[in-house]
Amino acid sequence: MYLKREKKGSGPTGMNRNMYKAAFNWVAPIVVVIIILTGEFLEGLLVLFAYIVFRFYDERDKVNSFFGKRAYLKGKYAKAVNLYSKAFKTNKAEPKVCISYCYSLILTGDFTKASEVLAIVRGMKDIDSIKSQILICENLLLWKIENRLVKAIIELEKAPEELKNTSYFHILGKMLIENNDMEKAKQFNEDAYRYNNKNEHILENLIRIYCMTEDYEKALKVIPVLMKQKPFTKNAFHYAGLAYEKTGDQLNAQKMYQKVDRFEKDIFTSI
(Lines give C-alpha, C1' and ligand atoms only; values in the text may rest on other atoms or scores of the structure.)
Protein backbone atom coordinates (compact mmCIF):
# COMPACT_ATOMS: atom_id res chain seq x y z
CA MET A 1 0.00 0.00 0.00
CA TYR A 2 1.12 3.53 -0.68
CA LEU A 3 1.59 5.94 2.18
CA LYS A 4 -0.82 8.82 2.33
CA ARG A 5 0.57 11.71 0.32
CA GLU A 6 1.20 14.98 2.09
CA LYS A 7 -0.69 17.94 0.69
CA LYS A 8 1.74 19.93 -1.41
CA GLY A 9 2.61 23.28 0.09
CA SER A 10 0.01 23.01 2.87
CA GLY A 11 0.45 24.67 6.25
CA PRO A 12 3.09 27.15 7.46
CA THR A 13 5.95 24.70 6.90
CA GLY A 14 4.95 24.11 3.28
CA MET A 15 4.56 27.85 2.69
CA ASN A 16 8.00 28.59 4.16
CA ARG A 17 9.56 25.82 2.09
CA ASN A 18 8.10 27.25 -1.10
CA MET A 19 9.29 30.75 -0.18
CA TYR A 20 12.83 29.53 0.49
CA LYS A 21 12.90 27.57 -2.75
CA ALA A 22 11.66 30.53 -4.78
CA ALA A 23 14.28 32.78 -3.17
CA PHE A 24 17.04 30.27 -3.85
CA ASN A 25 16.01 29.91 -7.50
CA TRP A 26 16.34 33.69 -7.90
CA VAL A 27 19.56 34.11 -5.93
CA ALA A 28 21.60 31.16 -7.23
CA PRO A 29 21.77 32.29 -10.89
CA ILE A 30 22.71 35.82 -9.76
CA VAL A 31 25.53 34.40 -7.63
CA VAL A 32 26.81 32.41 -10.62
CA VAL A 33 26.84 35.52 -12.82
CA ILE A 34 28.68 37.53 -10.16
CA ILE A 35 31.31 34.83 -9.75
CA ILE A 36 31.92 34.64 -13.49
CA LEU A 37 32.04 38.44 -13.88
CA THR A 38 34.62 38.72 -11.13
CA GLY A 39 36.93 36.47 -13.09
CA GLU A 40 36.34 33.18 -11.29
CA PHE A 41 35.12 31.39 -14.43
CA LEU A 42 35.84 27.81 -13.34
CA GLU A 43 34.30 28.33 -9.91
CA GLY A 44 31.26 29.86 -11.60
CA LEU A 45 30.84 26.84 -13.85
CA LEU A 46 31.10 24.49 -10.86
CA VAL A 47 28.42 26.44 -9.00
CA LEU A 48 26.28 26.49 -12.13
CA PHE A 49 26.67 22.72 -12.53
CA ALA A 50 25.73 22.15 -8.88
CA TYR A 51 22.68 24.39 -9.33
CA ILE A 52 21.54 22.50 -12.44
CA VAL A 53 21.92 19.16 -10.65
CA PHE A 54 19.90 20.51 -7.73
CA ARG A 55 17.15 21.77 -10.02
CA PHE A 56 16.90 18.44 -11.80
CA TYR A 57 16.64 16.67 -8.45
CA ASP A 58 14.15 19.18 -7.06
CA GLU A 59 12.01 19.01 -10.21
CA ARG A 60 12.34 15.25 -10.70
CA ASP A 61 8.58 14.83 -10.55
CA LYS A 62 8.23 17.02 -13.65
CA VAL A 63 11.19 15.39 -15.41
CA ASN A 64 9.86 11.86 -14.83
CA SER A 65 6.30 12.80 -15.75
CA PHE A 66 7.53 14.45 -18.98
CA PHE A 67 9.35 11.30 -20.07
CA GLY A 68 6.49 9.16 -18.78
CA LYS A 69 4.10 10.95 -21.10
CA ARG A 70 6.50 10.53 -24.02
CA ALA A 71 6.74 6.80 -23.32
CA TYR A 72 2.95 6.50 -23.16
CA LEU A 73 2.52 8.32 -26.49
CA LYS A 74 4.83 5.74 -28.07
CA GLY A 75 2.87 2.82 -26.60
CA LYS A 76 5.63 1.91 -24.14
CA TYR A 77 3.27 1.39 -21.25
CA ALA A 78 5.62 -0.48 -18.90
CA LYS A 79 8.18 2.30 -19.22
CA ALA A 80 5.47 4.93 -18.72
CA VAL A 81 4.32 3.22 -15.52
CA ASN A 82 7.89 3.15 -14.20
CA LEU A 83 8.46 6.85 -14.89
CA TYR A 84 5.07 7.97 -13.61
CA SER A 85 5.70 5.91 -10.47
CA LYS A 86 8.92 7.82 -9.80
CA ALA A 87 7.09 11.13 -10.25
CA PHE A 88 4.25 9.98 -7.99
CA LYS A 89 6.57 8.87 -5.19
CA THR A 90 8.07 12.35 -4.85
CA ASN A 91 4.75 13.44 -3.29
CA LYS A 92 4.94 16.56 -5.46
CA ALA A 93 3.35 15.36 -8.71
CA GLU A 94 0.33 17.30 -9.94
CA PRO A 95 -3.10 15.59 -10.07
CA LYS A 96 -2.94 15.27 -13.89
CA VAL A 97 0.32 13.32 -13.55
CA CYS A 98 -1.12 11.08 -10.83
CA ILE A 99 -4.24 10.25 -12.85
CA SER A 100 -2.04 9.50 -15.87
CA TYR A 101 -0.14 7.08 -13.63
CA CYS A 102 -3.43 5.49 -12.57
CA TYR A 103 -4.57 5.10 -16.18
CA SER A 104 -1.23 3.61 -17.24
CA LEU A 105 -1.49 1.07 -14.42
CA ILE A 106 -4.96 0.12 -15.67
CA LEU A 107 -3.68 -0.31 -19.22
CA THR A 108 -1.00 -2.70 -18.02
CA GLY A 109 -3.47 -4.67 -15.91
CA ASP A 110 -2.29 -3.62 -12.44
CA PHE A 111 -5.79 -2.88 -11.17
CA THR A 112 -5.04 -3.13 -7.44
CA LYS A 113 -2.31 -0.51 -7.52
CA ALA A 114 -4.42 1.63 -9.84
CA SER A 115 -7.23 1.58 -7.25
CA GLU A 116 -4.79 2.72 -4.56
CA VAL A 117 -3.55 5.60 -6.68
CA LEU A 118 -7.09 6.60 -7.65
CA ALA A 119 -8.12 6.76 -3.99
CA ILE A 120 -5.25 9.18 -3.35
CA VAL A 121 -6.08 11.28 -6.39
CA ARG A 122 -9.67 11.72 -5.20
CA GLY A 123 -8.34 13.29 -2.01
CA MET A 124 -6.08 15.78 -3.74
CA LYS A 125 -6.78 19.47 -4.24
CA ASP A 126 -7.45 21.09 -7.62
CA ILE A 127 -8.85 18.02 -9.38
CA ASP A 128 -11.60 19.80 -11.30
CA SER A 129 -9.54 19.70 -14.51
CA ILE A 130 -9.21 15.90 -14.37
CA LYS A 131 -12.78 14.94 -13.44
CA SER A 132 -13.27 13.25 -16.80
CA GLN A 133 -10.11 11.15 -16.37
CA ILE A 134 -11.17 10.21 -12.84
CA LEU A 135 -14.58 9.10 -14.13
CA ILE A 136 -12.92 7.05 -16.85
CA CYS A 137 -10.54 5.32 -14.42
CA GLU A 138 -13.35 4.63 -11.94
CA ASN A 139 -15.42 2.86 -14.55
CA LEU A 140 -12.55 0.99 -16.13
CA LEU A 141 -11.83 -0.43 -12.67
CA LEU A 142 -15.54 -1.16 -12.15
CA TRP A 143 -15.37 -3.22 -15.33
CA LYS A 144 -12.06 -4.95 -14.70
CA ILE A 145 -12.21 -5.55 -10.95
CA GLU A 146 -15.92 -6.16 -10.45
CA ASN A 147 -16.64 -7.49 -13.96
CA ARG A 148 -19.51 -5.00 -14.37
CA LEU A 149 -19.01 -3.79 -17.91
CA VAL A 150 -22.65 -2.87 -18.51
CA LYS A 151 -22.80 -0.86 -15.27
CA ALA A 152 -19.57 0.94 -16.21
CA ILE A 153 -21.01 1.83 -19.63
CA ILE A 154 -24.20 3.18 -18.07
CA GLU A 155 -22.22 5.31 -15.63
CA LEU A 156 -20.15 6.80 -18.45
CA GLU A 157 -23.22 7.44 -20.56
CA LYS A 158 -24.67 9.49 -17.69
CA ALA A 159 -21.64 11.80 -17.64
CA PRO A 160 -22.41 15.54 -17.95
CA GLU A 161 -21.56 17.17 -21.26
CA GLU A 162 -18.57 19.07 -19.87
CA LEU A 163 -16.80 15.76 -19.13
CA LYS A 164 -17.26 14.35 -22.63
CA ASN A 165 -13.83 14.96 -24.15
CA THR A 166 -11.68 12.95 -26.56
CA SER A 167 -10.60 10.50 -23.85
CA TYR A 168 -14.24 9.93 -22.93
CA PHE A 169 -15.22 9.09 -26.53
CA HIS A 170 -12.17 6.90 -26.96
CA ILE A 171 -12.76 4.79 -23.83
CA LEU A 172 -16.55 4.50 -24.04
CA GLY A 173 -16.17 3.55 -27.70
CA LYS A 174 -13.90 0.68 -26.73
CA MET A 175 -16.18 -0.45 -23.92
CA LEU A 176 -19.22 -0.55 -26.20
CA ILE A 177 -17.28 -2.73 -28.62
CA GLU A 178 -16.30 -5.03 -25.76
CA ASN A 179 -19.98 -5.33 -24.85
CA ASN A 180 -20.68 -6.72 -28.35
CA ASP A 181 -23.60 -4.40 -29.08
CA MET A 182 -22.43 -3.81 -32.63
CA GLU A 183 -25.17 -1.44 -33.74
CA LYS A 184 -24.82 0.82 -30.71
CA ALA A 185 -21.01 0.62 -30.82
CA LYS A 186 -20.96 1.56 -34.50
CA GLN A 187 -23.24 4.56 -34.01
CA PHE A 188 -21.28 5.80 -31.02
CA ASN A 189 -17.89 5.44 -32.68
CA GLU A 190 -19.12 7.25 -35.77
CA ASP A 191 -20.30 10.05 -33.46
CA ALA A 192 -16.88 9.99 -31.78
CA TYR A 193 -15.27 10.36 -35.21
CA ARG A 194 -17.39 13.43 -35.87
CA TYR A 195 -16.26 14.79 -32.49
CA ASN A 196 -12.55 14.25 -33.24
CA ASN A 197 -11.52 12.79 -36.60
CA LYS A 198 -7.78 13.00 -35.87
CA ASN A 199 -7.40 11.05 -32.63
CA GLU A 200 -5.65 7.73 -33.22
CA HIS A 201 -7.72 5.84 -30.63
CA ILE A 202 -11.05 7.02 -32.03
CA LEU A 203 -9.88 6.16 -35.55
CA GLU A 204 -8.75 2.73 -34.37
CA ASN A 205 -12.14 2.09 -32.74
CA LEU A 206 -13.92 3.01 -35.97
CA ILE A 207 -11.79 0.68 -38.10
CA ARG A 208 -12.27 -2.10 -35.58
CA ILE A 209 -16.06 -1.80 -35.52
CA TYR A 210 -16.20 -1.64 -39.32
CA CYS A 211 -14.16 -4.85 -39.51
CA MET A 212 -16.32 -6.55 -36.91
CA THR A 213 -19.43 -5.66 -38.88
CA GLU A 214 -17.68 -6.67 -42.15
CA ASP A 215 -17.89 -3.16 -43.57
CA TYR A 216 -14.34 -3.36 -44.89
CA GLU A 217 -14.69 -0.69 -47.57
CA LYS A 218 -15.52 1.90 -44.94
CA ALA A 219 -12.58 0.71 -42.87
CA LEU A 220 -10.27 1.26 -45.84
CA LYS A 221 -11.25 4.93 -46.00
CA VAL A 222 -10.24 5.48 -42.39
CA ILE A 223 -6.91 3.61 -42.46
CA PRO A 224 -4.84 6.32 -44.24
CA VAL A 225 -6.09 8.90 -41.73
CA LEU A 226 -5.12 6.62 -38.84
CA MET A 227 -1.65 5.93 -40.21
CA LYS A 228 -0.91 9.66 -40.42
CA GLN A 229 -1.43 9.82 -36.64
CA LYS A 230 1.29 7.17 -36.05
CA PRO A 231 -0.77 4.66 -34.02
CA PHE A 232 0.97 2.57 -31.39
CA THR A 233 -1.38 -0.32 -30.55
CA LYS A 234 -1.60 -3.89 -31.75
CA ASN A 235 -5.29 -3.46 -32.57
CA ALA A 236 -4.63 -0.56 -34.94
CA PHE A 237 -2.37 -2.57 -37.21
CA HIS A 238 -4.25 -5.84 -36.85
CA TYR A 239 -7.60 -4.42 -37.97
CA ALA A 240 -5.98 -2.31 -40.68
CA GLY A 241 -4.37 -5.51 -41.97
CA LEU A 242 -7.67 -7.36 -41.76
CA ALA A 243 -9.45 -4.67 -43.80
CA TYR A 244 -6.79 -4.88 -46.49
CA GLU A 245 -6.86 -8.69 -46.47
CA LYS A 246 -10.63 -8.90 -46.79
CA THR A 247 -10.61 -6.50 -49.73
CA GLY A 248 -7.91 -8.45 -51.58
CA ASP A 249 -4.90 -6.19 -50.91
CA GLN A 250 -2.54 -8.85 -49.59
CA LEU A 251 0.60 -6.71 -49.88
CA ASN A 252 -0.69 -3.95 -47.60
CA ALA A 253 -2.27 -6.54 -45.31
CA GLN A 254 1.12 -8.17 -44.83
CA LYS A 255 2.75 -4.80 -44.12
CA MET A 256 0.18 -4.06 -41.41
CA TYR A 257 0.38 -7.51 -39.82
CA GLN A 258 4.17 -7.35 -39.65
CA LYS A 259 3.93 -4.29 -37.42
CA VAL A 260 1.60 -5.84 -34.84
CA ASP A 261 4.36 -7.43 -32.75
CA ARG A 262 6.25 -4.15 -32.38
CA PHE A 263 3.83 -2.87 -29.78
CA GLU A 264 2.92 -3.82 -26.22
CA LYS A 265 -0.35 -5.42 -25.19
CA ASP A 266 -2.85 -3.48 -23.13
CA ILE A 267 -6.22 -4.34 -21.63
CA PHE A 268 -7.96 -3.51 -24.91
CA THR A 269 -5.79 -5.76 -27.10
CA SER A 270 -8.26 -8.11 -28.73
CA ILE A 271 -6.11 -10.23 -31.07
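Helix 9 (residues 166-178) and helix 10 (residues 182-195) have axes that come within 9 Å and cross at roughly 160°, where axes are lines fitted to C-alpha atoms, for helices over the stretch in contact, and angles run from 0 to 180 degrees between N-to-C directions. The two helices are therefore roughly antiparallel to each other; angles under 35 degrees count as roughly parallel, over 145 as roughly antiparallel, 65 to 115 as roughly perpendicular and the rest as oblique. Their crossing is left-handed, a term for a near helix turned anticlockwise from the far one by less than a right angle, with right-handed used if the turn is clockwise. On the side of helix 9, Thr166, Tyr168, Phe169, Leu172, Gly173, Leu176 and Ile177 meet Met182, Lys184, Ala185, Phe188, Asn189, Ala192 and Tyr195 of helix 10, contact meaning heavy atoms within 4.5 Å. By class, this contact has 10 nonpolar, 3 polar and 1 charged residues, with Ala, Val, Leu, Ile, Met, Phe, Trp, Tyr, Cys and Pro counted as nonpolar, Asp, Glu, Lys and Arg as charged, and the others, Gly among them, as polar.

The model is predicted, so that local features need pLDDT of at least 70 and side-chain atom pairs count only at pLDDT 80 or more, while totals for chains, interfaces and linings use all residues. Residues are numbered from 1 along each chain as its sequence is written, and side-chain values use heavy atoms, with hydrogens and water left out.

The secondary structure comes to 14 helices and 0 strands, these being DSSP runs numbered from the N terminus (helices H or I, at least four residues; strands E, at least two). Of the contacts with a separation of 6 or more, 58% are between residues 24 or more positions apart.

A second helix pair is formed by helix 12 (residues 216-228) and helix 13 (residues 234-246), whose axes come within 9 Å and cross at roughly 135°; helix 12 and helix 13 are therefore oblique to each other. The contact involves Tyr216, Ala219, Leu220, Ile223, Leu226 and Met227 of helix 12, together with Ala236, Phe237, Ala240, Leu242, Ala243, Tyr244 and Lys246 of helix 13. These residues divide into 12 nonpolar, no polar and 1 charged. Helix 12 passes helix 13 in a left-handed crossing.

Buried residues make up 44% of the 271 residues in the protein, where buried means under 20% relative accessible area, exposed over 50% and partly exposed in between (1.4 Å probe, protein chains only). The largest nonpolar core, a set of buried Ala, Val, Leu, Ile, Met, Phe, Trp, Tyr and Cys residues joined through side-chain atoms within 4.5 Å, has 78 residues, and those with the most contacts inside it are Ile106, Leu140 and Met175. Helix 5 (residues 95-107) gives the most to this core, with 9 residues. Apart from neighbours within four places in sequence, Met175 is in contact with Asn139, Leu140, Trp143, Leu149, Ala152, Ile153 and Leu156.

Glu204, found in helix 11, is buried, with a relative accessible area of 4%. Leaving aside neighbours within four places in sequence, the contacts of Glu204 are Lys174, Leu226, Thr233, Asn235 and Ala236.

Two loop residues have positive phi values although neither is a glycine.

| Residue | Phi | Loop | Relative accessibility |
|---|---|---|---|
| Asn91 | near 65° | between helix 4 (77-89) and helix 5 | 32%, partly exposed |
| Glu214 | about 60° | between helix 11 (200-212) and helix 12 | 61%, exposed |
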